[in-house]
Amino acid sequence: MRRKNLTPGKDTARQPAKTRESRLLSPHAAALNSPTTHAAALLAGKQTADQREENADLRQATAELRQVTADLRQATADLRQESADRRQEAADQSEDAAQAKVQPGAITEAHLREANERLVVATIRAHTMTEAAENASAEMSYMAQHDFLTGLPNRALLRERLAQSIALGQRHGKRVALMYLDLDHFKHINDSLGHAVGDQLLQSAATRLQACLSRRSDTVSRQGGDEFVVLLAEVEAVQDAAVTAEKLLTVMAAPHLIGAHRLHVTLSIGISLYPDDGQDAETMIKNADTAMYHAKKNGRGTYRMFTSDMNEHAVARRSGEESLHQALEQHGLVLHYQPKVNLQTGAITGAEALVRLRQGDQPLVYPSTFVNVAENCGLIVPLGKWVLSEACRQTAEWLQAGLDIGQIAVNVSAVEFHGAGFLAGVRAVLDDTGLAPCRLELEMTESGLMQDTAPTSEILRGLKTLGVQIAIDDFGTGYSSLSYLRSFPIDTLKIDQSFVKDIDDGSEEKAIVSAIIAMGKSLKLHVIAEGIETPQQLAFLQAHHCAEGQGYYFNRPLPAEKFAALLKTT
Ligand SMILES: Nc1nc2c(ncn2[C@@H]2O[C@H](COP(=O)(O)OP(=O)(O)OP(=O)(O)O)[C@@H](O)[C@H]2O)c(=O)[nH]1
């Protein structure tokens with residue numbers, strides 16, 4: 001905490017007169033050209049509005065702000081010193097003049113007047129400098145506690161006010177509510193319209209949040225990025241926080257008019273209460289963040305009150321994230337290969353690479369346990385890259401050793417597929433490993449492909465130009481839309497194992513499976529059945545001329561050496 005101020009709320013005493021939050025927040029332009037940011041630009045000599053627009057990297061901005069603060073501190077100290085020196089200098093001169101006066105003939109009245117005038121001028125200058133130093137100091141402490149983009153209180157000030165609210169709540173037996181807010185899919189706005197528009201949207205969001213709160217004791221702060229925290233310092237009942245959350249969701253949902261754009265954005269909100277969910281600022285912030293994560297998981301555009309079982313999930317999630325980090329850094333990942341088989345001849349036609357996580361002597365961990373974690377903590381891209389390059393490297397090695405594996409299939413998540421540089425990454429892996437592109441098949445789910453269909457088409461076409469094959473995984477469980485089958489350059493349909501599993505006893509599943517096989521045939525697509533476990537399932541698929549299959553009936557996924565041994569014997 002940087003300042004001691006025991007009055008929570010939007011008190012004006014702690015802010016320089018020209019730079020109050022309300023003035024910073026009104027129109028967007030005001031935030032961009034606010035006196036505070038202007039003063040910062042003048043004082044720093046470099047933080048101009050243009051630069052800020054270009055520089056959306058919060059860490060960079062924070063570093064610059066720290067530098068400005070340090071410079072201002074130095075300038076203030078220098079000014080104070082200079083002011084003291086001048087006062088001393090003037091006083092010395094005045095004393096010299098007085099002494100000269102007592103030596104007869106050494107001084108005239110003119111000398112005395114001149115010395116006095118110089119003393120007055122020096123005193124005025126000293127006052128001016130002191131005032132400038134005080135203004136700079138007030139400006140500096142305001143900047144240390146406020147967000148440069150929106151003018152809202154920043155993380156430090158929020159923590160200070162929260163701690164004060166908790167102390168007051170404790171004294172008066174009152175509740176305090178903390179709401180952690182995160183804009184949904186804000187990254188898309190930045191990516192599609194640029195950071196300048198993203199910045200204006202953040203300002204617009206800040207203005208609306210601020211306008212929603214009527215009590216002086218409430219605080220809206222920006223934590224950084226697209227995250228805001230609302231502090232309700234005087235909450236009578238738990239329901240009050242829920243009502244405010246509903247209000248914030250509604251207010252945010254109206255279109256934001258940014259330049260020529262009408263932007264729609266929703267919020268995910270997590271709420272924690274004092275004393276119910278935390279006794280200190282740290283715990284309340286952590287728990288509100290955890291509840292916000294659950295709001296995201298529950299479809300976004302909604303709020304969740306913190307519950308203690310969320311913590312168990314959070315602990316499990318954090319430990320999952322840690323294991324995954326470690327596995328990526330310390331070679332803790334391994335690939336297993338499940339053979340794909342020609343259902344008429346029984347010959348191996350390829351394999352699907354499936355990732356496993358090794359944790360000491362423990363049994364291997366399956367992707368169903370950690371892929372979600374990887375997606376949520378941003379590790380899915382490095383994880384996917386590792387799987388792709390290891391599968392290609394191993395396949396190239398087998399081919400060089402004379403083992404004809406056929407094609408290697410690798411799963412690709414929607415996050416990876418739509419991430420920057422996916423196509424270039426695939427090309428680089430093929431170049432590095434020397435694997436012929438026609439040996440690689442990328443498997444994507446329908447839902448992954450259906451996000452942003454225009455860019456999807458472009459990436460798929462790029463992959464086809466490279467010579468890579470494309471398969472739709474879990475076919476039948478998603479959109480199963482005929483139009484995308486026609487418009488996307490797809491090679492293979494993989495019938496989801498849930499249909500194959502129920503072939504034995506469900507007539508509906510039989511109908512679905514045979515329909516997919518027939519449709520695949522007429523669209524000239526390759527069809528593979530997943531999850532074959534029984535001779536009856538195999539017989540049904542053979543009878544309907546399904547070309548290929550995979551499943552425990554043939555083989556479980558095998559470690560590389562066992563798969564190589566299997567290839568040698570067939
Ligand atoms: N324009 C702008 N963008 C920022 C600023 N600070 C951070 N960001 C971006 O804000 C985005 C935050 O994205 P996330 O919250 O991780 O993801 P999201 O797209 O909102 O998705 P969900 O939170 O999962 O709904 C990132 O792309 C950051 O680069 C800023 O000051 N200005």
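Two residues are in contact here when they have heavy atoms within 4.5 Å of each other. With that in mind, welcome to this predicted model. Among contacts between residues at least 6 apart in sequence, 68% join residues at least 24 apart. The protein has 570 residues, and 47% of them count as buried. Below is a short tour, from the whole chain to the ligand and then to a few residues worth finding on your screen.

**The protein as a whole**

- If you browse the secondary structure, you will meet 23 helices and 16 strands.
- The accessible surface of the protein comes to about 28,100 Å². Carbon and sulfur atoms account for 51% of that surface.

**Around the ligand**

- The ligand is surrounded by 17 residues. The closest of them are Lys187, Asn190, Asp199, Lys296 and Arg300.
- Sorted by character, the shell around the ligand holds eight charged residues, five polar ones and four nonpolar ones.
- Strand S1 (175–183), helix H8 (186–193) and helix H9 (195–212) each bring at least two residues to this shell. Helix H9 gives the most, with four residues.
- Asp199 is a good place to zoom in: a polar atom of its side chain lies 2.6 Å from a nitrogen atom of the ligand.
- Backbone atoms take part as well. A polar backbone atom of Phe186 is 2.9 Å from an oxygen atom of the ligand, and a polar backbone atom of Leu183 is 3.2 Å from an oxygen atom of the ligand.
- Taken alone, the ligand exposes 650 Å², and the protein buries 74% of that.

**Cys392 and its contacts**

- You can find Cys392 in helix H14, which covers residues 380–400.
- Cys392 counts as buried because its relative accessibility is 0%, and the cut-off for buried is under 20%.
- Leaving aside neighbours within four places in sequence, Cys392 is in contact with Val429, Leu430, Thr433, Leu435 and Leu440.
- One of these partners, Leu435, is 43 residues from Cys392 along the chain, yet the C-alpha atoms of the two are separated by 6.2 Å.

**Ser221 and its contacts**

- Ser221 belongs to strand S2, made up of residues 219–224.
- With a relative accessible area of 0%, Ser221 is buried.
- The side chain of Ser221 is joined to the side chain of Gln223 by a polar contact of 3.4 Å.
- Beyond its neighbours within four places in sequence, Ser221 is in contact with Leu152, Pro153, Asn154, Leu158, Phe228 and Val229.

**Aromatic rings**

- The count of aromatic pairs, with ring centres within 6.5 Å, comes to five.
- Phe417 and Phe422 form a tilted aromatic pair, 5.4 Å from centre to centre, with 55 degrees between the planes.
- Both partners sit under the 20% cut-off for buried, so Phe417, at 1% relative accessibility, counts as buried, and so does Phe422, at 10%.
- Elsewhere, ring pairs link Tyr337, Trp398 and Phe563 into a cluster.

Methods:
Residues are numbered from 1 along each chain as its sequence is written. This is a predicted model: local features need pLDDT of at least 70, side-chain atom pairs count only at pLDDT 80 or more; totals for chains, interfaces and linings use all residues. Side-chain values use heavy atoms; hydrogens and water are left out. A residue is near a molecule or strand if one of its heavy atoms lies within 4 Å of it. A polar contact is a pair of N or O atoms within 3.5 Å; within protein, one must be able to donate a hydrogen and the other to accept it, and residues adjacent in sequence count only if both atoms are side-chain atoms. Accessible areas come from the Shrake-Rupley method with a 1.4 Å probe; for residues, only the protein chains shown count as cover. Ala, Val, Leu, Ile, Met, Phe, Trp, Tyr, Cys and Pro count as nonpolar, Asp, Glu, Lys and Arg as charged, and the others, Gly among them, as polar. Buried means under 20% relative accessible area, exposed over 50%, partly exposed in between (1.4 Å probe, protein chains only). Rings of Phe, Tyr and Trp (its six-membered ring) pair if their centres lie within 6.5 Å; planes under 30 degrees apart count as stacked, over 60 as edge-to-face and the rest as tilted.
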